Amino acid sequence: MKTIDELLAAGVAGQRVFVRADLNVPLDGATITDDGRIRAVAPTIAKLAEAGAKVVVASHLGRPKGAPDPQFSLAPVAERLGEILGKNVSFAADTVGDSAKATVAALGDGEVALLENLRFNAGETSKDDAERGAFADALAGLADVYVGDGFGAVHRGHASVYDLPARLPHFAGYLIATEVGVLKKLTEDVKRPYVVALGGAKVSDKLAVIDELLGKADRLLIGGGMAYTFLKAKGYEVGISLLQEDQVPAVTEYMERAEKNGVELVLPVDVLVSPEFPDLKTKAPANPTTVAADAIPADQEGLDIGPETRKLYASKLADAATVFWNGPMGVFEHPDYAEGTKAVAQALVESPGFTVVGGGDSAAAVRTLGFDENAFGHISTGGGASLEYLEGKTLPGLAALED
């Protein structure tokens, strides 16, 4: 995989460089609530512009249905990217139409433009090779060189991620190079003890990575909504907690295999429960009750790990040489249910080992809860991509950057 340093060494002044970024940031209307992904790709864009390239940035945002949808416009992102770069970022009102062509044609050396949401064109995500290829051809007409730096999208076989690199000289940006380097530390010559903390809502989203980790990790800590499927598999009452009943057999098998393999699989010993889900807009007091994990009332819902579990998980992370954390421990968006996630984040901060926060909600949580990002070994920009890499899958966007 050739890197951006090789491209820069060869010279890029005057060339149109297409940067596939992941600018899929959370929005509250037109307000960006977490600009982490924009800041993560900014060094690549800045370095190319500094070297005199005409930088054409492209990304998706949300899941529009292959047609323009104002709520998913990248216009607010263009403004924020310009603020971070300290320079104007031109914005094209379409992806490969008249506005895109005119905007790119008007770029001077060292200038930057952002195209509108790639998913406003059905060809970006199409499963039809011809339709996807036609969109990739149109995108290729806007550039001379391709730089892949949208790590959060490399597990997708989309036109701008997989098909476009085949049509242009291609290189990996700084972010992708960093992310891959970090993930190799989690899969090759791992320093032990290797502890993985998994949370989030659905256990089905994590089954494949759990399957892989049962042969690699020393310890698995389970939290979040997915924990209740594990507790159900142990025969516990879980009330109205989030439960994937159809996954209980798989979870049971994993627990048995963990014991057989000598992998310590740690579940909550107590949880915070409430008869109703909290109001995340008003943040009105929820007044949860703490109960033992095997004593959840039938009419109550588990929404965070309890104080004893926080202490337990912190102790299980204290001696780790390598830590990977993906998924919050509870409904961290509400202050009454943020302590579990906060406790795990604090344990990572205090850990002497190499700590990786695995993107998505976990990355948002550490910023929302006020942690210094530099206190962690690495905060990934791609939760799904990180998990699939750890599962051992071939990621289309990375494969496309290989020579």
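The lining of the largest cavity comprises six nonpolar, three polar and two charged residues, where Ala, Val, Leu, Ile, Met, Phe, Trp, Tyr, Cys and Pro count as nonpolar, Asp, Glu, Lys and Arg as charged, and the others, Gly among them, as polar. The structure analysed is a predicted model, in which local features require pLDDT of at least 70 and side-chain atom pairs count only at pLDDT 80 or more, whereas totals for chains, interfaces and linings use all residues. Residues are numbered from 1 along each chain as its sequence is written, and side-chain values use heavy atoms, with hydrogens and water left out.

The residues lining this largest cavity are Arg20, Tyr146, Gly148, Asp149, Gly150, Ala153, Val154, Val161, Ile176, Gly397 and Leu401. A cavity is defined on a 1 Å grid over the protein atoms alone as a set of points where a 1.4 Å probe fits but cannot get out; a pocket is an open set with protein on both sides within 12 Å along at least five of seven lines, and lining residues have an atom within 4 Å of a point. The space in the largest cavity amounts to about 60 Å³, a volume being the space filled by probe spheres set on the grid points, which are joined across faces, edges and corners.

Two of these lining residues, Arg20 and Gly148, also face each other in a sheet: arginine 20 stands opposite glycine 148 in S7. Strand S1 (residues 16-20) and strand S7 (residues 145-148) pair in the parallel sense over four bridges; helices (H or I, at least four residues) and strands (E, at least two) are DSSP runs numbered from the N terminus, and two strands pair if DSSP finds at least two bridges between them. The open sheet containing these strands has six members in the order S5-S6-S4-S1-S7-S8, with parallel pairing. Strand S5 (89-91) and strand S8 (170-172) occupy the edges, each with a single partner strand, so one side of each is left without a neighbour in the sheet. On average, neighbouring strands of this sheet are turned by 25° against each other, direction ignored. Helix H2 (residues 36-50) lies across S1, strand S4 (54-58), strand S6 (112-114) and S7, and runs at about 160° to S4. Contact here means heavy atoms within 4.5 Å; axes are lines fitted to C-alpha atoms, for helices over the stretch in contact, and angles run from 0 to 180 degrees between N-to-C directions.

Strands S1 and S7 are also linked by an aromatic pair, phenylalanine 18 in strand S1 and tyrosine 146 in strand S7 being 128 residues apart. The ring centres of phenylalanine 18 and tyrosine 146 lie 6.0 Å apart with the planes at 15°, so the pair is stacked. Rings of Phe, Tyr and Trp (its six-membered ring) pair if their centres lie within 6.5 Å, with planes under 30 degrees apart counted as stacked, over 60 as edge-to-face and the rest as tilted. By this rule, the count comes to two aromatic pairs.

A further open sheet of six strands follows the order S11-S10-S9-S15-S16-S17, again with parallel pairing. Strand S11 (264-266) and strand S17 (378-379) are the edge strands, each pairing on one side only. Within this sheet, strand S9 (residues 194-198) and strand S15 (residues 322-326) run parallel and are joined by five bridges, with tyrosine 194 opposite threonine 322 in S15. Helix H11 (residues 307-317) packs on the sheet, touching S9, strand S10 (219-222), S11 and S15, and its direction makes about 155° with that of S10.

Tyr194 also belongs to the lining of the second largest cavity, together with Leu186, Thr187, Glu212, Leu213, Lys216 and Leu390. Helix H7 (174-187) and helix H8 (207-213) are the elements that give two or more residues to this lining. The second largest cavity has a volume of about 30 Å³, and its lining is made up of four nonpolar, one polar and two charged residues. In the loop between H7 and S9 lies proline 193, which is joined to arginine 192 by a cis peptide bond with omega of about 5°.
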